[in-house]
Amino acid sequence: MIEFAVIQREIRKRRFTLAEIIITSWHIFRRYFRVLFICAICISLPLSVARFLAKPYLVPVNNAIAAWAERSIDTAKAADPVMHEKLRKSVRAAAEGIDITAFIATFFSIISGMAALFIVNETLNGGKASVRGALVKALRRWPFALGALVVFYIAVFAGLICFIIPGIILYINFAFAIEAATLRNVSLVRALTYSRSLVRGHWLDVFAFTIFLMMTGTLISLLVLTPFMTAPDNLISAAASTALIDVFSQFVSVASGIYFLNLDFTRERYA
C-alpha cells in the first residue's frame, strides 16, 4: 500500500515515470472511488435519459441529411449508374447512423472528468474530496473548459487536414488545455498556451502518456459494451452502459490530472 503522504510529497519533488503515474492514479481511483462514482453518475444518467428521449426526433434530421448527401452525388449517376447506386446506399446508411446527441453529450460529459480533476487537486493539496464541492467547482469552470475543448478540436482537425502530422503535434501540445482551464482559473487562450508550456521539453513523454490514455479508454469501452451488444435497445441498457463507461473513465481523468499536476509542480525544478 502506498502511503498517501509520500505521494503528496514526491509529486512536488520530481517527475514521475509513466509507471508511477499509472500506479498513483490507480491508488487514488480506488481510494476515492465512491466520490468519483457519484460524480460520474450525476452527469451520466441525465444525459442518457435526454439522449434516449431525443431519439425519435433524430429520424427526420437524419433523413434530411441523407437526402442532401444523395443529391450531392447525383452528378455521378450518368457516368456509372451501378456505382452510383452503391454509393447512394452507403451515403444513406452513414447519414442514418449519425447520432447528433452523442456529439452534444460530449460537451456536457466533460463535467464529471473536471470533477475528478478537482478531486485529485484537493487531495494532493491536503484537502478533502467531496461530491458537492467537486461538481460545483466543475460547473463554475465548465464554460472555460468547454471553450478550450472546442478550440482544441478545431485546431487538431485543421492540423489533421494538413497532412496529419501537424494535427498530432497540436493534439499533444494542447493535451492539458482542459486541465489548465479547470485547475488554474485561466482563460481559453491561456489554457492552450499553459498546456503547450508544460509539454515543451517533454513531448515524447506526453505522447506516450496520451497513447496510454487512448488505449485505456478504448479497453474500458470494449469491456463495458461487449456484454450489452445483445441487450435490448431500451433506456435501462443505454443508461447502464454509458454510466459504466463514464465511471471507469474517471481513471483516465485522474491519471491526466496527476500528470498535469506533476508537470506543473516540478516546472521550475526542471526548467
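**Figure 1. Overview of the predicted model.** From the N terminus on, the elements of the chain follow the order α-α-α-α-α-α-α-α-α-α-α. The chain thus shown is a predicted model, and its elements comprise eleven helices and zero strands. Of its 271 residues, 42% count as buried. Among the contacts in the chain with a separation of 6 or more, 77% are accounted for by residues 24 or more positions apart.

**Figure 2. Close-up of helix H10.** Helix H10 covers residues 203-225, which makes 23 residues. From its first C-alpha to its last, H10 reaches 33 Å, close to the 33 Å expected at 1.5 Å a residue. The buried residues of H10 include the aromatic residues Phe-209 and Phe-212. The others on the list are Val-206, Thr-210, Leu-213, Thr-216, Gly-217, Ile-220 and Val-224. The buried residues of H10 pack against four helices: H2 (18-31), H7, H9 (188-199) and H11.

**Figure 3. The packing of H7 and H10.** Two packed helices are described by the angle between their axes and the distance between the axes. For H7 and H10, the angle is about 90° and the axes are 10 Å apart. The two helices, H7 and H10, are therefore roughly perpendicular to each other. On the H7 side, the residues that meet H10 are Ile-168, Ile-169, Tyr-171, Ile-172 and Asn-173. Their counterparts in H10 are Trp-203, Val-206, Phe-207, Thr-210 and Met-214.

**Figure 4. An aromatic pair between Phe-176 and Tyr-259.** The structure holds 13 aromatic pairs. One of them is formed by Phe-176 and Tyr-259, with the ring centres 5.7 Å apart and 80° between the planes. This pair counts as edge-to-face, because the angle between the planes is over 60 degrees. Phe-176 lies in the loop between helix H7 (165-173) and helix H8 (177-183), whereas Tyr-259 belongs to helix H11 (residues 235-265). The pair links distant parts of the chain, as the two residues are 83 residues apart. Phe-176 has a relative accessibility of 1% and so counts as buried. Tyr-259, at 5% relative accessibility, also counts as buried.

**Figure 5. An aromatic cluster and two charges over rings.** One aromatic cluster is formed by Trp-26, Phe-29, Phe-33, Phe-37, Phe-248 and Phe-251. Elsewhere, charged side chains sit over aromatic rings. The charged end of Arg-12 is placed over the ring of Phe-265, 4.3 Å from its centre. The charged end of Arg-267 is placed over the ring of Tyr-194, 4.9 Å from its centre.

**Figure 6. The surroundings of Glu-179.** Glu-179 is a residue of helix H8. At 7% relative accessibility, Glu-179 counts as buried, because buried means under 20% relative accessible area. Not counting residues up to four places away in sequence, Glu-179 touches Leu-117, Arg-184, Ser-256 and Phe-260. The C-alpha atoms of Glu-179 and Gly-257 are separated by 6.7 Å, although these residues are 78 residues apart along the chain.

**Figure 7. Asn-185 and its backbone angle.** Asn-185 is situated in the loop between H8 and H9. Most residues other than glycine have a negative phi. The phi of Asn-185, however, is near 50°, a positive value in a residue other than glycine. With a relative accessible area of 57%, Asn-185 is exposed.

Technical notes: Residues numbered from 1 in each chain as written. Predicted model: local features only at pLDDT ≥ 70, side-chain atom pairs only at ≥ 80, totals over all residues. Heavy atoms only, no water. Phe/Tyr/Trp six-rings, centres within 6.5 Å; stacked < 30°, edge-to-face > 60°. Buried < 20%, exposed > 50% of the residue type's maximum accessible area, 1.4 Å probe, protein only. Lys NZ or Arg CZ within 6 Å of the ring centre and 35° of its normal. Expected span 1.5 Å × (residues − 1). Contact = heavy atoms within 4.5 Å. Axes fitted to C-alpha atoms, helices over the stretch in contact; angles between N-to-C directions. Parallel < 35°, antiparallel > 145°, perpendicular 65-115°, else oblique.
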